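Hello,

Here is the structure you are taking over. My notes on it follow below.

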Amino acid sequence: MNRIKLPTHKHPLYPTPWVRSCSGCYRQNDCTKDGYRCYECEIFFHKKCAETSLEINHPSHPEHPLHLSIPEYYSESKNCKLCGQTLINMFYHCPLCKFVVDTACIKNPPPDVIEHPKAHKHSLVHLIHHYPGTCDFCEEKYCRRYLYKCSQCQLKFHFECSNLPLEITHPFHRKHPLKFLTREEHYFLDGKCRICGDELGRRFYNCSICKFSVDVACVKNPPPLTILFAKAHDHQISLIPRIISFNCDACGLDGDRSPYSCQQCDFMIHQSCIDLPEIINVNRHEHRLSRRLQLSPGTWICGFCHKKVDWSCGAYSCSICPDYAIHSRCALRDDVWDKLELKGIPEEPQEIKPYKVVNGNLIRHFSHEEHYLQLNEENIICGGSIRCEACVLPIYSQAFYSCVQCDFILHKTCANLPRKKRHMYHAKPLTLVVGDMTYFDCSACSNRSSGFRYSTTNFNIDVKCSALSESIFHESHGCTLYYIYGNGKHCIACGNWSYSTFNCDDCDLSLLMPGRVITYYGKTRFEVIQTHPGFLPRDVLNEDMYATIYVYKGNEHNKNDPVTLLRKALSELLVYYYPLSGKLVRGESGRKPQLVCQGEGVPFAVATASLDLISLDYLEKLDDEVALRLVPEIEIDYDTDFCYHPLALQVTKFACGGFTIGTALTHVVCDGFGVAQIIHALTELAAGKSELSVVPVWQRERLIGKIDNESAKVPGGHIASLLATSPYMPTTDLVTEIINIQAVNIKRLKDTLMRECEFPEECFTTYEVLSSCIWKARSRALKLNPDGITVLAVAVGIRHVLDPPLPQGYYGNAYIDVYVELTVRELEESSISDIAKRVKKAKKTAYDKGYIEEELSNGERLMRDDAKFEGVSDGVFFLTDWRNIGWFGSMDFGWNEPVNLRPLTQRESAMHIGMILRPSKLDPSMEGGVKVVMTLPRDAMVGFKLNMDAMNKL
């Protein structure tokens, strides 16, 4: 049996040899050998849970039968009547009585009290309807179910952990008992679990004689000692629970511990490679690929990473194309494989041609079936006055098809576009959708188009981008460049940072995904369009400061003093950015802020700290009040009409050799993009460059609105009396938390939203998806009154929207705010996809010329009327996206790139502002993900994290 479709899950399920954690019953012990997995959702089920009955009778509810329910959205989740836990994946319910019970409680309900737990000396009481907590035994955070508490010690335990003795005999180490220890109690070999290789926490089991350590998870759920699974190997394979260097026969990569082995065949395999799919499709090749235990002898190059493939190890190859192979791990990447195992599934029928030949030069094209199209050969000069319906590009002297009865025209090349294709931009197959005169945003280049597009659920690329191949040749570099997603780099052409780039395998060079692809005579070339996100002032008299900390690790090979380099670089910087050496004052007329340049310079502070940066986790979760000590204080001269320096710097050196650069720069002078441009320039000069790569441009006159006699409009002022309020406010007991969201969870959330849209016309950006989730989670956490109005404010850059666009080097404010207004009840009842659509629609209003002109004029009115934001309601929420504006370019001036960036918000406005940032570079698992910085009342933060955790698992 290769795959099955069961009513307990929406995707096909595939057999797997063992299950550690089941998403059906949530049990985390008693590892079983039989089960199923969903490749798309990356979850597992016990065989019994996946094949559970759709209707049962149970003594917990004898009145009526219980029906199995599989909620598709978080809003459909329920709480179990027996254990009180929130149920997300599956549960039984009575539709008549609204009785809900966990599938785990059906099979084995947890006791209310554990009288004699093995892991603790006192009895433990089951916590029902509790907020997620931390198990003090295994240290797992945000435990949602079956958590028990000792009323005397206040310690909490998983149900499974409570039954673990403090000394055990483990099946993988029978020579000596293992004792439950902490890091402080014993020295261990390499800090990793002997079985799974994960980093050990503070608590684990250890044999001090053999230096054998396993984490609690591998004690609760050890993998089976032996496995008989045909997909892995013909014979039974056995676990070798020891440190051992080996080369995996399935994927060809090295391993350092606990493989499964067949001594009869001298075969070794990673635990994670046991159930690799056998036949798959990838988006880098047009045919199916089959997994081979080994390739034929010879030289093989991977079709994805273009590195050598060891022919003696497992890989995927094509039976049609004899020279094509791809590493197992490369083939199964999330951005390459469509998550379908194809063994036993018939091949799809041959490709349907886009047109039928009528006779001679006449065809009937599927996009224009009502009339015939006639071929016009090359060298018919059209002058570019007519455009192709597919690519929306002018037709000059290329061959084209024209309708014999109307104005419909296609390039000959576009008329031959396949109806379906696989493309590097998406793991799923794409279908050609003909133009219907509606605009869409291309998911690759973000340009708007009304032409043909290749589409799958919530994903569209125009035919110009679809013509771009995986490998390109660019005039800036002599080698072939290959497309890669996930390895964020700076583009050599425009300096922008992106996770979608073309890279040279031999040189350390990256080129940003092109903004425009043009097809001429079957050849593909591209132009790089430089677009930079930014902002326009929302309230120039609300004089916020950008407080930002850049964190650098020490470099023992660099003997230079960063303070000396930065101080010299700052003096050179002010030659280019001379307005920053002045002071900001209010004008006599109109109260408009003015820079008075008297050559006073920029305050530059130096501080030292006796701590190591690692002890502060490189500021990842440092309290804001402490972090503010790393940012210079701004001295304000109230006697001279609110006069102060627009920029100040502070370098703080730590005992480990690392240091931080703290900046304070007023929002009146520049936006987040401008801040990043200035700091990039500073580090360029500190690195020894004699000239800046981007020369600053002033041109503030471009954004001066028309002055009229209308009253200023303060955002939210027209609904001030209707704005929602929270029972937690007012309060000074605020906490700031960082919520990490991995790339795989963002993708899963996007996929969920795609499935919610029955007829998706355009995809959602990461910001649109996350802002919808965060806004909804914040509203729930604050318990805003249902009939009140809550507002999401979105900052949209207009540098590229103005006509002509603002020049490169402009570092002033260049954004406008757009707003999404809903009652709290409407927000709660709306699906995430519906909210994301509203966010997308609001963003598009920022591209309207009339809207921009009105916002510019209102900015002048706000200054004229000396307006301020005062008494902002609990329901108003500004969510800013710092992923692309925080890092303008390379900031390496001898200590590598900063490992972390920490923006700070003024305390009085922090609760109304959220930030989406790139994650710290110190956590490889967060590559491609984001971190969300939120400030809320302490009691509300618990609910916010719970809601975000649930949405993170959709």
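In what order do the strands of the open sheet that holds β14 stand? The order is β14-β15-β16-β17, four strands with antiparallel pairing. At the edges stand β14 (167–170) and β17 (212–214); each has a single partner strand, so one side of each is left without a neighbour in the sheet. On average, and with direction ignored, neighbouring strands here are turned by 35° against each other. Three bridges hold the antiparallel pair of β16 (residues 203–207) and β17. Within this sheet, Tyr205 is placed opposite Val214 of β17.

Before going further, please note that this is a predicted model. The mean pLDDT of the protein is 81, and 84% of the residues reach 70 or more. Residues 514–542 need care: pLDDT stays under 50 there. The model does have 100 contacts for that stretch beyond four places in sequence. Where pLDDT is low, however, predicted coordinates should not be read in detail.

A further open sheet of four strands has the order β24-β25-β28-β29, again with antiparallel pairing. Its edge strands are β24 (279–280) and β29 (325–327), each with a single partner, so each has one side without a neighbour in the sheet. Strand β28 (residues 315–317) runs antiparallel to β29, and three bridges join them. Ala315 has His327 in β29 as its bridge partner.

Next, a hairpin. Strands β2 (residues 35–38) and β3 (residues 43–46) pair in the antiparallel sense over four bridges. Four residues lie between the two strands, and Glu42 in the turn has a positive phi of about 60°. Cys38 has Ile43 in β3 as its bridge partner.

Glu42 also comes up in the cavities. Rolling a probe the size of a water molecule over the atoms shows where empty space is left. How many cavities of 30 Å³ or more does the structure hold? There are eight. The second largest has a volume of about 110 Å³. Which residues line the second largest cavity? From the hairpin turn comes Glu42, and the rest of the lining is His11, Glu40, Cys41, Asp334, Lys339, Val744, Lys747, Arg748, Asp751 and Arg755. By class, this lining has eight charged residues, two nonpolar and one polar.

Regards

Key:
Residues are numbered from 1 along each chain as its sequence is written. This is a predicted model: local features need pLDDT of at least 70, side-chain atom pairs count only at pLDDT 80 or more; totals for chains, interfaces and linings use all residues. Side-chain values use heavy atoms; hydrogens and water are left out. Two strands pair if DSSP finds at least two bridges between them. Axes are lines fitted to C-alpha atoms, for helices over the stretch in contact, and angles run from 0 to 180 degrees between N-to-C directions. On a 1 Å grid over the protein atoms alone, a cavity is a set of points where a 1.4 Å probe fits but cannot get out, and a pocket is an open set with protein on both sides within 12 Å along at least five of seven lines; lining residues have an atom within 4 Å of a point. Grid points are joined across faces, edges and corners, and a volume is the space filled by probe spheres set on the points. Ala, Val, Leu, Ile, Met, Phe, Trp, Tyr, Cys and Pro count as nonpolar, Asp, Glu, Lys and Arg as charged, and the others, Gly among them, as polar. pLDDT is the predictor's confidence in each residue, from 0 to 100. Contact means heavy atoms within 4.5 Å.
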